[in-house]
Each structure stands twice: as structure tokens, then as C-alpha cells.
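Subject: Structure for your review

Dear colleague,

Please find below the sequence and structure that I am handing over to you. My findings follow directly after it.

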Amino acid sequence: MMRPCKLAAALAVPLFMSACAGQQTSSTSQVVEPKQVVDHFANMAHAMYEDSLLAATQLNKSIDVFLANPTQANLDAAKAAYAQARVPYQQSEVLRFDVENGHVTEGLDADGGLASIDAWEGQVNAWPLDEALIDYVSGYYEGEYNSPKNIINSTGVFTVGGQSVDISTITPELIAGMNEIGGAEANVTSGVHAIEFLLWGQDLNGTGPGAGARPVSDYFTKSSQGACTSGDKKSDYKICQRRAQYLKAAADLLVNDLQAMEAEWTPAAGTQKGTLRNDFLTRGDGLQRILDSMGDLAIGELASERMKVAILFGSTEDEHDCFSDLTHIAIYNNAMGVVDSYRGSYTRLDGSVVSGPSLADLVAHQNPVLKQQMDEHMNLIESRMRAIVDKAEAKSGGKKFDQLVGGSAEDKKLVLDAAAALVSLEEPLSEGVSKVLALSLQEFDAGTCPTENVGDCES
């Protein structure tokens, strides 16, 4: 049964490259101060968001080209731009996980800026989504939203979750306002996964090979291009026009959102009260916030929510990039965001490296034995996550993440071993690094699936 899914020269860097494999520290032999590490981390944050904006802008341009001339080649180019856009953004997700109310305390966003990364992120990367709310789905689809009426095939006043909205014209403002409408988290109408669904369509292959295969004709907006379709059925050209309108609105909104976040982290923002960068630099707990964020992303979100839940429950519903079968890109770069945060080194889309004073440097000067242990942990995470990528991209016998979900015990072990490497960071971070640096870490979020025992996983 089908269920809902719970760049030119500047973009020439490979999709799976981040820090150099086996890299140990950020390279300095001089004694570094905590303030230098915090300042450099803010620079890395800006580089990640700037690259995310660059990649999203390229994606938007590729979508423009496709919509103006809907050919298979142009659709493939837009899909490639989507894949590239996942690289820097997924690394930046390490910035999401911090104190309860986000990076900025109450009131600091009075200037109209962004109050927290986590609250902002819901409009950009929310998942899973009930795709039936956006466009047509298979007859086998089962989701919380299960109606033949959707945003694309309807006009006028549209009611969902007890709320009525005029959807006559699809704009960035409309889909932003409808995100999680009616209080339902699966009613996702904006962000990268809405774009992903509109480019690929549903993946109807279950745990078999193959991603979504939305036909180009879904975007034939005039008779000279051919018959407008909604999958394997002919549709009115107004439907294809609204689908194109939706895809463009989602791409524009993504760029706008990333412009706002990138502005919060520019070097100039460091002296502007109310910005995320200024808050991070001035609160005095930067090292602890970096470590807390690393642990929460590695253990609670990535190892649990994005990897173990899907494998242990055999659920492609919980695959992060379920329409495109690009989950291996997303989770690898999530992990590299954790590794980069420790090493203080981020490889940009143009291949240049932002490197400087790091947590690794602080640990190296305080406790060489712990430094070696941490290097081994980071290298293990990178190698095991890379193994998932290698399996997905293998020319012979390759298996994407959803195939691993339905695969053999050996297939599942590939993912569970990588998740275990992420979870194994808890002790060295909380009992090692934090004590060496005289910090007091909060308990890391273990997510909904803290062990490899299915019985210990919440539904």
C-alpha cells in the first residue's frame, strides 16, 4: 500500500563531498581560545547558508527553464539541481538543534528578524508530507489527508483541517500560510519536499528499485506542447498551469527563506542585536551550544528519526527524500554537518574550504588521548555513512535507502551500523569533550527509537 512520505561551475563539487575523508582536525598547531572557535563556527554557519542560497537559486533557475520548455532533459536538469541543493542545506541542519526556544531568546527578534532556526526550518524542510493535499496520488495512497480534492486541481475557497482558504492564485505567500494548516504536521505545502514531490511525483516502487517518475506532460500548459496529464490520465490545461504555478511559487519561497537566513549570519550581522549571529556570539555559551547541537542531530534526529525508525519498522514512509530516492545524500550530509562542526572545516560548493579554530583543536591541546579517540569516532561515522552512499551509487548491485529498508539483514545492518556510530558519540561528547572543556551538557535527545529493539520504539 502506498502511504505518505513521512549548479554550473559554482556547483561542480561532488554531491557527497564535505570534509576530506580521514581529516583529523582543522590543522592549526597554535593554542586556540574558545572565542576563536565560536567565531569560526559562526563563519561556517554563514558559508553553509550562503551555499544553500546559491544552490536554491540555481534550482529556481533550472525550474524556470523547465517550465518555459518542459522537456525530459530540462526536467532532469532541475532534478540534478535539487540533488545539489541538498548538500549544503543538510549540513547546515546541525545548527537547528539547540536550547529549547531556539538560538534567540524571547524578544531578541523585535527588529523583525528570525527568532529561531528550528521554527524557521519548518517552512523549508518539513517532512513527512501528505502529498495528496498538493497534487494527485495513486489510488493506493493512505494518508491523514485522503481526498480527491487538492490544491492543484481545485480553485476558489478550499477547506482543510477546518480552515478555509482562497486558493484561486497559487503564490509563495499562499503556500507559506497553508503550511501545516489545521494544526496537522503532515499538511506540508512548502519547502524542499514539496518541490521534490512536484518534480518526481510519488515513488510507487515500494522497497523495489526506482524513484518517482512524474511525466513531463504533467507540465504541458498549452496545446502546442501536447496533452496535459496528471500521471497516466489526461487533464485540463488549467491543471498543468496550476501545477507549474505551484512549483514556481515553492521555488521562489525557498529562495526567499534562505535569503532571510543567510542575512542573519553575515559577518555584519555579528554586531546587530537581534540577529542569530549576534545572539550566538554574545551569549557566552557558544561551545556548549555547538556540542549540544551535534549530539541532538547525530543521536536523536539522524540516527533515530531518519535512519533507525525506517529500517526497524520496514517503513519507506519514514524515508527522508522518498520521492527522489536521494535519502542517502541527505543523511550523509547531515552526518557531515556533525563531523564538520567538530573539525571546524566545511567544504564549499565551489570546492574551497572554510577552515579554522575548532573543538578538535581545543581537545588536542587539553587531552591528546581524547583527541585520538574523537578522531576515531568521527572517521568511523564518516566511513559508515559513506558506505550507505557507496551502496546507493554502485553501478552493479546498488541499493538506495528504500531498498535497504526492504532488504536483507545485511542491508539493514549497513544502516544500523552507521546509526550506532552516531549514537556512540554520546559518551565521548558528554563525558569526554564536555568535561575537558569544563562544560555541562544537557541530555541529548534520543528520538523515538533509542535502541535497536523495535519494541523500544514509540509508534
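The lining of the second largest pocket divides by class into eight nonpolar, eight polar and three charged residues. This is a predicted model, and in it that pocket has a volume of about 390 Å³. Its lining comprises 19 residues, of which Y136, S138, L204, G231 and D232 lie nearest the centre of the pocket.

I turn next to the charged pairs. Side chains of opposite charge can pair when their charged atoms come close. Across the whole structure, the search finds 24 salt bridges.

One of these salt bridges joins the side chains of R348 and D51, with an N to O distance of 2.8 Å. The pair links distant parts of the chain: R348 belongs to the loop between β5 (345-347) and β6 (353-355), D51 belongs to helix α1 (residues 34-68), and the two positions lie 297 residues apart in the numbering. R348 has a relative accessible area of 17% and is therefore buried, the limit being under 20%. D51 is also buried, at 3%.

A further salt bridge is formed by R306 and E93, whose closest N and O atoms are 2.6 Å apart. This pair, too, links distant parts of the chain, since R306 is in helix α8 and E93 is in the loop between α2 (72-92) and α3 (117-125), 213 residues apart. Both R306 and E93 are buried. The two residues also take part in a network of salt bridges that links E93, R96, D118, E121, E301 and R306.

The side chains of R289 and D285 form another salt bridge, at 3.5 Å from N to O. Here R289 is buried, with a relative accessible area of 2%, whereas D285 is partly exposed, with a value of 23%.

Helix α8 spans residues 286-313 and also contains D296. D296 has a relative accessible area of 7%, so this residue is buried. The C-alpha atom of D296 is separated by 8.3 Å from that of V94, although the two residues are 202 apart along the chain.

The aromatic residues form the last group. The count comes to seven aromatic pairs. In one of them, F66 and Y219, the ring centres are 5.1 Å apart and the planes stand at 70 degrees, so the arrangement is edge-to-face. The pair links distant parts of the chain, with F66 in helix α1 and Y219 in the loop between α5 (192-200) and β3 (229-230), 153 residues apart. Both rings belong to buried residues: the relative accessible area is 0% for F66 and 2% for Y219.

F197 and F323 form a tilted pair, with 5.1 Å from centre to centre and 45 degrees between the planes. This pair again links distant parts of the chain, F197 being in helix α5 and F323 in the loop between α8 and α9 (327-343), 126 residues apart. F197 is buried, as is F323. The ring of F197 has a further partner in R214, whose charged end sits over that ring at 5.1 Å from its centre. Elsewhere, ring pairs link F41, W265 and F280 into a cluster.

With kind regards

Technical notes. Residues are numbered from 1 along each chain as its sequence is written. This is a predicted model: local features need pLDDT of at least 70, side-chain atom pairs count only at pLDDT 80 or more; totals for chains, interfaces and linings use all residues. Side-chain values use heavy atoms; hydrogens and water are left out. Helices (H or I, at least four residues) and strands (E, at least two) are DSSP runs, numbered from the N terminus. Buried means under 20% relative accessible area, exposed over 50%, partly exposed in between (1.4 Å probe, protein chains only). On a 1 Å grid over the protein atoms alone, a cavity is a set of points where a 1.4 Å probe fits but cannot get out, and a pocket is an open set with protein on both sides within 12 Å along at least five of seven lines; lining residues have an atom within 4 Å of a point. Grid points are joined across faces, edges and corners, and a volume is the space filled by probe spheres set on the points. Ala, Val, Leu, Ile, Met, Phe, Trp, Tyr, Cys and Pro count as nonpolar, Asp, Glu, Lys and Arg as charged, and the others, Gly among them, as polar. A salt bridge is a side-chain nitrogen of Lys or Arg within 4 Å of a carboxyl oxygen of Asp or Glu. Rings of Phe, Tyr and Trp (its six-membered ring) pair if their centres lie within 6.5 Å; planes under 30 degrees apart count as stacked, over 60 as edge-to-face and the rest as tilted. A charge sits over a ring if NZ of Lys or CZ of Arg is within 6 Å of the ring centre and within 35 degrees of the ring normal.
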